[in-house]
Amino acid sequence: MTSWLLLALSLVGLALTANAYQPPQWGFTSPLAFFPGWLVSELPVHTIVGQAVVTAVLVPLGALDHAAGWVGLALCIVSWLGLGGLVVQAGRAGGVLEAALDDGLGPAWREQRDRRLSSAGARVIDRAQLVVPFVMRDRRVEKLRNVDYWGDGRRAHRLDIYRPREDCRDAPVLVYIHGGGWVIGDKREQGLPMMLYLAAQGWVCVTINYRLSPRATWPDHLVDCKRAVAWVRENIAGYGGNPGFVAVSGGSAGGHLAAMVGLTPGLDRFQPDFEGRDTSVDACIPFYGIYDFTGTGTLRDWGFAWFIGRTVLKKKMRDHPEAFRDASPMAHIGPGAPPFMVVHGANDSLAPVAQARGFVAGLRDVCKQPVVYAELPGAQHAFEVFRSIRTAHAVAAVTDFLAWVRATRADQERPAESRAGTG
(Lines give C-alpha, C1' and ligand atoms only; values in the text may rest on other atoms or scores of the structure.)
Protein backbone atom coordinates (compact mmCIF):
# COMPACT_ATOMS: atom_id res chain seq x y z
CA MET A 1 0.00 0.00 0.00
CA THR A 2 2.80 2.46 0.81
CA SER A 3 4.32 1.89 -2.63
CA TRP A 4 1.08 2.78 -4.35
CA LEU A 5 0.58 5.69 -1.97
CA LEU A 6 3.99 7.08 -2.90
CA LEU A 7 3.16 6.66 -6.57
CA ALA A 8 -0.18 8.43 -6.16
CA LEU A 9 1.34 11.30 -4.23
CA SER A 10 4.15 11.65 -6.77
CA LEU A 11 1.61 11.90 -9.58
CA VAL A 12 -0.21 14.64 -7.68
CA GLY A 13 3.07 16.48 -7.08
CA LEU A 14 4.03 16.22 -10.74
CA ALA A 15 0.62 17.53 -11.79
CA LEU A 16 0.99 20.49 -9.42
CA THR A 17 4.40 21.30 -10.86
CA ALA A 18 3.11 21.04 -14.43
CA ASN A 19 0.17 23.30 -13.54
CA ALA A 20 2.58 25.91 -12.16
CA TYR A 21 4.45 25.94 -15.45
CA GLN A 22 1.44 25.89 -17.75
CA PRO A 23 -1.99 26.33 -16.13
CA PRO A 24 -5.00 25.73 -18.36
CA GLN A 25 -6.38 28.88 -19.95
CA TRP A 26 -9.82 27.81 -21.06
CA GLY A 27 -13.30 27.52 -19.62
CA PHE A 28 -13.99 26.85 -15.97
CA THR A 29 -10.63 25.09 -15.55
CA SER A 30 -8.84 28.44 -15.37
CA PRO A 31 -10.18 29.48 -11.94
CA LEU A 32 -9.73 25.92 -10.66
CA ALA A 33 -6.06 26.00 -11.68
CA PHE A 34 -5.39 29.25 -9.87
CA PHE A 35 -5.03 28.27 -6.21
CA PRO A 36 -2.60 25.34 -6.57
CA GLY A 37 -0.67 27.16 -9.30
CA TRP A 38 -0.41 30.28 -7.15
CA LEU A 39 1.04 28.51 -4.11
CA VAL A 40 3.39 26.20 -5.97
CA SER A 41 4.79 28.86 -8.31
CA GLU A 42 5.51 31.26 -5.42
CA LEU A 43 6.58 28.64 -2.85
CA PRO A 44 8.54 26.02 -4.85
CA VAL A 45 11.13 25.47 -2.13
CA HIS A 46 8.44 24.92 0.49
CA THR A 47 6.75 22.48 -1.89
CA ILE A 48 10.00 20.54 -2.39
CA VAL A 49 10.52 20.32 1.36
CA GLY A 50 6.95 19.16 1.95
CA GLN A 51 7.14 16.47 -0.71
CA ALA A 52 10.57 15.34 0.50
CA VAL A 53 9.32 14.98 4.07
CA VAL A 54 6.39 12.83 2.94
CA THR A 55 8.72 10.69 0.84
CA ALA A 56 11.15 10.30 3.75
CA VAL A 57 8.28 9.08 5.93
CA LEU A 58 6.98 6.55 3.39
CA VAL A 59 10.32 5.01 2.40
CA PRO A 60 11.04 3.40 5.84
CA LEU A 61 7.49 2.07 5.81
CA GLY A 62 8.24 -0.01 2.74
CA ALA A 63 7.38 2.33 -0.11
CA LEU A 64 10.35 1.03 -2.14
CA ASP A 65 9.55 -2.66 -1.61
CA HIS A 66 7.65 -2.74 -4.92
CA ALA A 67 8.18 -1.32 -8.38
CA ALA A 68 5.35 1.18 -7.96
CA GLY A 69 7.31 2.86 -5.19
CA TRP A 70 10.42 3.21 -7.32
CA VAL A 71 8.36 4.73 -10.13
CA GLY A 72 6.87 7.11 -7.58
CA LEU A 73 10.32 8.10 -6.32
CA ALA A 74 11.50 8.75 -9.88
CA LEU A 75 8.47 10.95 -10.51
CA CYS A 76 9.16 12.82 -7.27
CA ILE A 77 12.68 13.59 -8.44
CA VAL A 78 11.34 14.86 -11.77
CA SER A 79 8.87 17.06 -9.88
CA TRP A 80 11.62 18.41 -7.61
CA LEU A 81 13.78 19.28 -10.60
CA GLY A 82 10.83 21.11 -12.09
CA LEU A 83 10.25 22.99 -8.84
CA GLY A 84 13.93 23.95 -8.85
CA GLY A 85 13.34 25.42 -12.28
CA LEU A 86 10.53 27.53 -10.81
CA VAL A 87 13.00 28.94 -8.29
CA VAL A 88 15.30 29.98 -11.14
CA GLN A 89 12.35 31.42 -13.07
CA ALA A 90 11.26 33.51 -10.08
CA GLY A 91 14.80 34.82 -9.69
CA ARG A 92 14.77 36.04 -13.28
CA ALA A 93 11.84 38.35 -12.54
CA GLY A 94 14.35 40.98 -11.48
CA GLY A 95 15.82 41.15 -14.97
CA VAL A 96 12.36 41.31 -16.56
CA LEU A 97 11.36 44.20 -14.31
CA GLU A 98 14.62 46.08 -14.89
CA ALA A 99 14.12 45.73 -18.64
CA ALA A 100 10.55 47.01 -18.29
CA LEU A 101 11.77 50.08 -16.42
CA ASP A 102 14.46 50.67 -19.05
CA ASP A 103 11.87 50.43 -21.81
CA GLY A 104 9.28 52.64 -20.12
CA LEU A 105 11.46 55.25 -18.45
CA GLY A 106 14.63 55.25 -20.52
CA PRO A 107 18.09 53.97 -19.57
CA ALA A 108 18.85 56.98 -17.35
CA TRP A 109 16.11 56.25 -14.81
CA ARG A 110 18.55 54.89 -12.21
CA GLU A 111 20.36 58.22 -11.99
CA GLN A 112 17.13 60.22 -12.12
CA ARG A 113 15.27 58.48 -9.29
CA ASP A 114 15.21 59.79 -5.75
CA ARG A 115 17.70 57.38 -4.19
CA ARG A 116 16.46 58.10 -0.69
CA LEU A 117 13.11 56.58 -1.63
CA SER A 118 14.44 53.87 -3.95
CA SER A 119 15.41 50.25 -3.39
CA ALA A 120 19.12 51.07 -3.78
CA GLY A 121 21.11 49.34 -1.05
CA ALA A 122 18.03 48.16 0.86
CA ARG A 123 17.08 44.48 0.71
CA VAL A 124 13.36 43.99 0.19
CA ILE A 125 13.03 40.54 1.78
CA ASP A 126 15.70 38.62 3.66
CA ARG A 127 16.08 34.83 3.76
CA ALA A 128 14.40 34.50 7.15
CA GLN A 129 11.29 36.22 5.80
CA LEU A 130 11.22 33.87 2.81
CA VAL A 131 11.06 30.92 5.22
CA VAL A 132 7.91 32.32 6.87
CA PRO A 133 6.33 34.15 3.93
CA PHE A 134 2.96 34.84 5.53
CA VAL A 135 4.33 36.67 8.59
CA MET A 136 3.99 40.41 7.91
CA ARG A 137 5.92 42.53 10.40
CA ASP A 138 8.51 45.27 10.25
CA ARG A 139 9.74 46.98 13.38
CA ARG A 140 10.58 50.10 11.39
CA VAL A 141 6.92 50.64 10.50
CA GLU A 142 4.06 51.98 12.59
CA LYS A 143 0.45 51.02 11.78
CA LEU A 144 -2.54 53.23 12.55
CA ARG A 145 -5.79 51.27 12.30
CA ASN A 146 -9.35 52.02 11.29
CA VAL A 147 -9.28 55.71 10.46
CA ASP A 148 -12.74 56.77 9.24
CA TYR A 149 -12.35 58.48 5.85
CA TRP A 150 -16.09 59.07 5.29
CA GLY A 151 -17.34 60.10 8.70
CA ASP A 152 -20.22 57.62 8.84
CA GLY A 153 -18.62 55.04 11.16
CA ARG A 154 -19.02 52.16 8.70
CA ARG A 155 -16.35 49.46 8.56
CA ALA A 156 -16.41 49.71 4.76
CA HIS A 157 -15.24 53.33 5.04
CA ARG A 158 -12.15 52.86 7.14
CA LEU A 159 -8.47 52.84 6.26
CA ASP A 160 -5.17 51.83 7.82
CA ILE A 161 -2.00 53.90 7.62
CA TYR A 162 1.52 52.47 7.51
CA ARG A 163 4.27 55.01 8.12
CA PRO A 164 7.89 55.12 9.28
CA ARG A 165 8.07 54.71 13.04
CA GLU A 166 10.63 57.51 13.28
CA ASP A 167 10.87 60.92 11.61
CA CYS A 168 7.79 60.80 9.38
CA ARG A 169 7.40 64.23 7.80
CA ASP A 170 6.37 65.31 4.32
CA ALA A 171 6.48 61.71 3.05
CA PRO A 172 5.08 60.78 -0.38
CA VAL A 173 1.90 58.72 -0.18
CA LEU A 174 0.67 55.46 -1.71
CA VAL A 175 -3.00 54.47 -1.54
CA TYR A 176 -3.55 50.71 -1.89
CA ILE A 177 -6.87 49.10 -2.92
CA HIS A 178 -7.39 45.43 -2.07
CA GLY A 179 -8.81 42.87 -4.49
CA GLY A 180 -11.33 40.09 -4.08
CA GLY A 181 -13.55 40.15 -7.13
CA TRP A 182 -15.45 43.23 -5.88
CA VAL A 183 -17.25 40.92 -3.41
CA ILE A 184 -14.74 39.92 -0.72
CA GLY A 185 -11.49 41.17 0.80
CA ASP A 186 -10.23 43.53 3.46
CA LYS A 187 -7.57 46.22 3.82
CA ARG A 188 -5.56 43.99 6.16
CA GLU A 189 -5.00 41.19 3.67
CA GLN A 190 -3.18 42.35 0.52
CA GLY A 191 -0.30 44.52 -0.62
CA LEU A 192 1.46 44.16 2.73
CA PRO A 193 4.97 43.25 1.50
CA MET A 194 4.99 46.34 -0.71
CA MET A 195 3.47 48.71 1.85
CA LEU A 196 5.74 47.59 4.68
CA TYR A 197 8.81 48.05 2.50
CA LEU A 198 7.72 51.43 1.17
CA ALA A 199 6.92 52.66 4.66
CA ALA A 200 10.35 51.54 5.84
CA GLN A 201 11.84 53.51 2.92
CA GLY A 202 10.09 56.73 3.92
CA TRP A 203 6.61 56.49 2.40
CA VAL A 204 3.21 56.79 4.03
CA CYS A 205 0.99 53.95 2.77
CA VAL A 206 -2.80 53.99 3.10
CA THR A 207 -4.83 50.83 2.57
CA ILE A 208 -8.59 51.20 2.32
CA ASN A 209 -11.83 49.29 2.66
CA TYR A 210 -14.73 49.98 0.34
CA ARG A 211 -18.28 48.73 -0.09
CA LEU A 212 -18.55 45.24 -1.57
CA SER A 213 -21.09 43.49 -3.74
CA PRO A 214 -23.64 42.02 -3.84
CA ARG A 215 -24.86 44.60 -1.34
CA ALA A 216 -23.03 47.37 -3.17
CA THR A 217 -23.82 48.18 -6.80
CA TRP A 218 -21.31 49.70 -9.20
CA PRO A 219 -20.01 52.42 -9.03
CA ASP A 220 -20.25 52.33 -5.20
CA HIS A 221 -16.83 50.63 -5.07
CA LEU A 222 -15.16 53.35 -7.13
CA VAL A 223 -16.99 56.15 -5.33
CA ASP A 224 -15.54 54.91 -2.03
CA CYS A 225 -12.02 54.66 -3.44
CA LYS A 226 -12.19 58.19 -4.80
CA ARG A 227 -13.62 59.46 -1.52
CA ALA A 228 -10.61 57.90 0.23
CA VAL A 229 -8.20 59.64 -2.18
CA ALA A 230 -9.94 62.95 -1.51
CA TRP A 231 -9.56 62.32 2.23
CA VAL A 232 -5.86 61.62 1.76
CA ARG A 233 -5.34 64.82 -0.22
CA GLU A 234 -7.02 66.82 2.55
CA ASN A 235 -5.87 65.05 5.72
CA ILE A 236 -2.70 63.02 5.22
CA ALA A 237 -0.42 65.90 6.24
CA GLY A 238 -1.61 65.31 9.79
CA TYR A 239 -0.15 61.80 9.61
CA GLY A 240 3.22 62.79 8.16
CA GLY A 241 2.32 62.47 4.49
CA ASN A 242 2.73 64.96 1.66
CA PRO A 243 -0.65 65.61 -0.02
CA GLY A 244 1.24 66.99 -3.03
CA PHE A 245 2.27 63.47 -4.09
CA VAL A 246 -0.26 60.65 -3.96
CA ALA A 247 0.08 57.41 -5.95
CA VAL A 248 -2.44 54.57 -6.15
CA SER A 249 -2.01 50.82 -6.48
CA GLY A 250 -4.05 47.66 -6.10
CA GLY A 251 -4.32 44.04 -7.16
CA SER A 252 -6.97 42.20 -9.19
CA ALA A 253 -10.29 44.01 -8.56
CA GLY A 254 -8.12 46.53 -6.71
CA GLY A 255 -6.01 46.88 -9.86
CA HIS A 256 -9.16 47.64 -11.83
CA LEU A 257 -10.25 50.21 -9.23
CA ALA A 258 -6.77 51.76 -9.05
CA ALA A 259 -6.75 52.19 -12.83
CA MET A 260 -10.23 53.74 -12.71
CA VAL A 261 -9.10 56.15 -9.98
CA GLY A 262 -6.06 57.10 -12.04
CA LEU A 263 -8.05 57.69 -15.22
CA THR A 264 -11.17 59.47 -13.91
CA PRO A 265 -10.07 62.34 -11.63
CA GLY A 266 -12.80 64.86 -10.98
CA LEU A 267 -15.42 62.95 -12.97
CA ASP A 268 -18.68 64.06 -11.34
CA ARG A 269 -20.71 60.90 -11.86
CA PHE A 270 -18.12 58.95 -9.87
CA GLN A 271 -17.95 61.63 -7.15
CA PRO A 272 -21.55 62.17 -6.00
CA ASP A 273 -21.82 64.69 -3.15
CA PHE A 274 -18.10 65.48 -3.32
CA GLU A 275 -17.80 66.94 -6.80
CA GLY A 276 -14.87 69.28 -7.15
CA ARG A 277 -12.73 67.61 -4.52
CA ASP A 278 -9.27 66.54 -5.66
CA THR A 279 -9.22 62.82 -6.49
CA SER A 280 -6.25 62.94 -8.85
CA VAL A 281 -3.19 60.74 -8.38
CA ASP A 282 0.40 61.26 -9.47
CA ALA A 283 1.15 57.65 -10.44
CA CYS A 284 -0.80 54.42 -10.86
CA ILE A 285 0.48 50.85 -10.36
CA PRO A 286 -2.20 48.21 -11.05
CA PHE A 287 -1.30 44.57 -10.49
CA TYR A 288 -3.02 41.82 -12.53
CA GLY A 289 -6.16 43.90 -13.06
CA ILE A 290 -9.25 43.60 -15.24
CA TYR A 291 -9.30 46.46 -17.71
CA ASP A 292 -12.21 45.67 -20.02
CA PHE A 293 -15.54 44.49 -18.60
CA THR A 294 -16.91 43.82 -22.06
CA GLY A 295 -14.72 40.71 -22.25
CA THR A 296 -11.29 39.86 -23.59
CA GLY A 297 -9.65 36.47 -23.83
CA THR A 298 -10.93 33.84 -21.40
CA LEU A 299 -13.16 36.28 -19.51
CA ARG A 300 -16.12 35.22 -21.61
CA ASP A 301 -15.18 31.55 -21.29
CA TRP A 302 -15.73 31.29 -17.55
CA GLY A 303 -18.72 33.58 -17.34
CA PHE A 304 -17.07 36.81 -16.23
CA ALA A 305 -19.69 39.05 -17.86
CA TRP A 306 -22.47 37.01 -16.21
CA PHE A 307 -20.78 37.29 -12.80
CA ILE A 308 -20.13 41.03 -13.11
CA GLY A 309 -23.61 41.71 -14.45
CA ARG A 310 -25.41 39.68 -11.81
CA THR A 311 -23.28 40.60 -8.79
CA VAL A 312 -21.57 43.97 -9.35
CA LEU A 313 -23.35 46.04 -12.01
CA LYS A 314 -26.78 44.37 -11.52
CA LYS A 315 -27.32 44.62 -15.28
CA LYS A 316 -27.05 42.35 -18.31
CA MET A 317 -24.39 43.20 -20.85
CA ARG A 318 -26.65 42.49 -23.82
CA ASP A 319 -29.11 45.07 -22.50
CA HIS A 320 -26.66 47.64 -21.14
CA PRO A 321 -23.32 47.36 -22.98
CA GLU A 322 -22.61 51.03 -22.26
CA ALA A 323 -22.61 50.35 -18.50
CA PHE A 324 -20.01 47.61 -18.87
CA ARG A 325 -17.91 49.87 -21.06
CA ASP A 326 -18.15 52.79 -18.65
CA ALA A 327 -16.92 50.53 -15.83
CA SER A 328 -13.84 49.58 -17.90
CA PRO A 329 -10.52 51.44 -17.56
CA MET A 330 -10.01 50.91 -21.30
CA ALA A 331 -12.88 53.35 -21.94
CA HIS A 332 -11.30 56.14 -19.89
CA ILE A 333 -7.78 56.25 -21.32
CA GLY A 334 -6.83 59.81 -22.18
CA PRO A 335 -3.76 61.99 -22.72
CA GLY A 336 -3.92 63.34 -19.16
CA ALA A 337 -3.38 59.96 -17.52
CA PRO A 338 -0.64 59.83 -14.85
CA PRO A 339 2.48 57.67 -15.23
CA PHE A 340 1.47 54.00 -15.16
CA MET A 341 3.33 50.85 -14.18
CA VAL A 342 1.26 47.79 -15.10
CA VAL A 343 2.39 44.45 -13.66
CA HIS A 344 0.86 41.14 -14.74
CA GLY A 345 1.72 37.45 -14.59
CA ALA A 346 2.07 35.53 -17.84
CA ASN A 347 0.38 32.51 -16.19
CA ASP A 348 -2.57 34.39 -14.69
CA SER A 349 -5.59 32.07 -14.60
CA LEU A 350 -8.12 34.65 -13.38
CA ALA A 351 -7.26 37.87 -15.18
CA PRO A 352 -6.04 37.02 -18.70
CA VAL A 353 -2.74 38.62 -19.58
CA ALA A 354 -4.32 39.75 -22.86
CA GLN A 355 -6.23 42.30 -20.78
CA ALA A 356 -3.02 43.90 -19.57
CA ARG A 357 -1.44 43.88 -23.02
CA GLY A 358 -4.43 45.61 -24.58
CA PHE A 359 -4.64 48.16 -21.79
CA VAL A 360 -0.95 49.03 -22.04
CA ALA A 361 -1.19 49.37 -25.82
CA GLY A 362 -4.08 51.77 -25.36
CA LEU A 363 -2.20 53.82 -22.79
CA ARG A 364 0.91 54.05 -24.93
CA ASP A 365 -1.12 55.18 -27.94
CA VAL A 366 -2.44 58.35 -26.31
CA CYS A 367 -0.82 59.05 -22.94
CA LYS A 368 1.79 61.76 -22.57
CA GLN A 369 3.30 60.24 -19.41
CA PRO A 370 5.54 57.14 -19.32
CA VAL A 371 3.96 53.68 -19.27
CA VAL A 372 5.94 50.76 -17.84
CA TYR A 373 4.72 47.23 -18.50
CA ALA A 374 6.18 44.17 -16.78
CA GLU A 375 4.86 40.75 -17.78
CA LEU A 376 6.40 38.23 -15.41
CA PRO A 377 7.06 34.69 -16.72
CA GLY A 378 5.58 32.00 -14.48
CA ALA A 379 3.63 34.43 -12.30
CA GLN A 380 0.08 33.57 -11.32
CA HIS A 381 -2.68 35.86 -10.13
CA ALA A 382 -2.06 37.46 -6.71
CA PHE A 383 1.61 36.50 -6.87
CA GLU A 384 2.79 39.34 -4.55
CA VAL A 385 0.25 38.89 -1.74
CA PHE A 386 2.87 37.23 0.46
CA ARG A 387 6.65 37.31 0.55
CA SER A 388 8.47 35.37 -2.14
CA ILE A 389 11.43 35.72 -4.48
CA ARG A 390 9.23 37.16 -7.22
CA THR A 391 7.50 39.47 -4.74
CA ALA A 392 10.87 40.90 -3.67
CA HIS A 393 11.79 41.79 -7.24
CA ALA A 394 8.37 43.29 -7.97
CA VAL A 395 8.38 45.41 -4.82
CA ALA A 396 11.88 46.70 -5.57
CA ALA A 397 10.86 47.65 -9.12
CA VAL A 398 7.68 49.44 -8.00
CA THR A 399 9.70 51.30 -5.37
CA ASP A 400 12.16 52.46 -8.03
CA PHE A 401 9.35 53.46 -10.39
CA LEU A 402 7.76 55.59 -7.69
CA ALA A 403 11.12 57.08 -6.73
CA TRP A 404 11.63 58.03 -10.39
CA VAL A 405 8.18 59.61 -10.69
CA ARG A 406 8.69 61.49 -7.42
CA ALA A 407 12.03 62.89 -8.55
CA THR A 408 11.16 63.78 -12.13
CA ARG A 409 7.68 65.21 -11.80
CA ALA A 410 7.98 68.70 -13.25
CA ASP A 411 5.29 70.46 -11.20
CA GLN A 412 4.28 69.84 -7.64
CA GLU A 413 0.75 71.16 -8.05
CA ARG A 414 -0.78 70.73 -11.50
CA PRO A 415 -4.11 72.30 -12.47
CA ALA A 416 -7.02 69.90 -12.13
CA GLU A 417 -7.93 70.00 -15.82
CA SER A 418 -4.50 68.63 -16.81
CA ARG A 419 -5.08 65.59 -14.59
CA ALA A 420 -8.30 64.39 -16.14
CA GLY A 421 -8.71 61.52 -18.54
CA THR A 422 -11.27 61.47 -21.32
CA GLY A 423 -14.11 60.42 -18.99
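1. A quick word on terms before we start: helices here are DSSP runs of H or I with at least four residues, strands are E runs of at least two, and both are numbered from the N terminus. With that in hand, take Asp 114, which sits in the loop between α6 (109-112) and α7 (127-131). Keep in mind throughout that this is a predicted model.

2. Let's stay with Asp 114 for a moment. Is it buried or exposed? Its relative accessible area is 13%, and the cut-off for buried is under 20%, so Asp 114 counts as buried. Leaving aside residues up to four places away in sequence, Asp 114 touches Ala 403 and Ala 407. For a sense of distance across the model, try Asp 114 and Ile 308: they are 194 residues apart in sequence, and their C-alpha atoms are 41 Å apart in space.

3. Now the overall picture. The protein chain has 14 helices and eight strands. Its radius of gyration is 22 Å, close to the 22 Å that the globule rule gives for 423 residues, so the chain is as compact as a globular protein of that length. If you prefer a box, the C-alpha atoms fill one of roughly 75 × 55 × 45 Å along the principal axes.

4. What about the inside and the contacts? Of the 423 residues, 57% count as buried. Take the contacts in the chain with a separation of 6 or more: 80% of them come from residues 24 or more positions apart.

5. Next, the outside. The chain exposes about 17,200 Å², and carbon and sulfur atoms supply 58% of that area. As for charge, there are 43 positive and 39 negative charges, and their mean positions are 3 Å apart.

6. Helix α1 is a good place to start browsing. It covers residues 2-21, which makes 20 residues, and it reaches 29 Å from its first C-alpha to its last, close to the 28 Å expected at 1.5 Å a residue. Which of its residues are buried? They are Ser 3, Leu 6, Leu 7, Ser 10, Gly 13, Thr 17, Asn 19 and Ala 20. As a reminder, an α-helix has 3.6 residues a turn, so residues three or four places apart point the same way. The buried residues of α1 pack against α2 (29-42), α3 (44-58) and α4 (67-91).

7. Helix α14 (residues 389-408) also has 20 residues; these should span 28 Å at 1.5 Å a residue, and the end C-alpha atoms are 29 Å apart, which agrees. This helix is mostly covered, with 16 of its 20 residues buried. Ala 403 and Ala 407, the contacts of Asp 114 from earlier, have numbers you can look up in the α14 range.

8. Have a look at Val 49 too. Val 49 lies in helix α3 and counts as partly exposed, at 47% relative accessibility. Pair it with Ser 328 and you get a separation of 279 residues in sequence and 43 Å in space, C-alpha to C-alpha.

9. His 157 is worth a click. You'll find it in the loop between β1 (141-148) and β2 (158-164). At 1% relative accessibility, His 157 counts as buried. What does it touch, not counting residues up to four places away in sequence? The list is Val 147, Asp 148, Tyr 149, Trp 150, Asp 152, Arg 211 and Asp 224.

10. Two peptide bonds deserve a check by eye. The bond from Ser 213 to Pro 214 is cis, with omega near 10°, and Pro 214 belongs to the loop between β4 (204-208) and α9 (220-235). Another cis bond joins Trp 218 and Pro 219, with omega about 10°. Pro 219 also lies in the loop between β4 and α9.

11. Finally, a couple of backbone angles to look at. Asp 167 is not a glycine, yet its phi is positive, at about 55°. It is found in the loop between β2 and β3 (171-177), and at 60% relative accessibility Asp 167 counts as exposed. Asp 273, another residue other than glycine, has a positive phi near 70°. Asp 273 lies in the loop between α10 (253-263) and β6 (283-287), and it is exposed, with a relative accessible area of 75%.

Note on methods. Residues numbered from 1 in each chain as written. Predicted model: local features only at pLDDT ≥ 70, side-chain atom pairs only at ≥ 80, totals over all residues. Heavy atoms only, no water. Rg over C-alpha atoms; globule rule 2.2 N^0.38 Å. Buried < 20%, exposed > 50% of the residue type's maximum accessible area, 1.4 Å probe, protein only. Contact = heavy atoms within 4.5 Å. Areas by Shrake-Rupley, 256 points an atom, 1.4 Å probe, with all protein chains shown as cover. Lys, Arg positive; Asp, Glu negative; His and termini not counted. Charge placed at Lys NZ, Arg CZ, Asp CG, Glu CD. Expected span 1.5 Å × (residues − 1).
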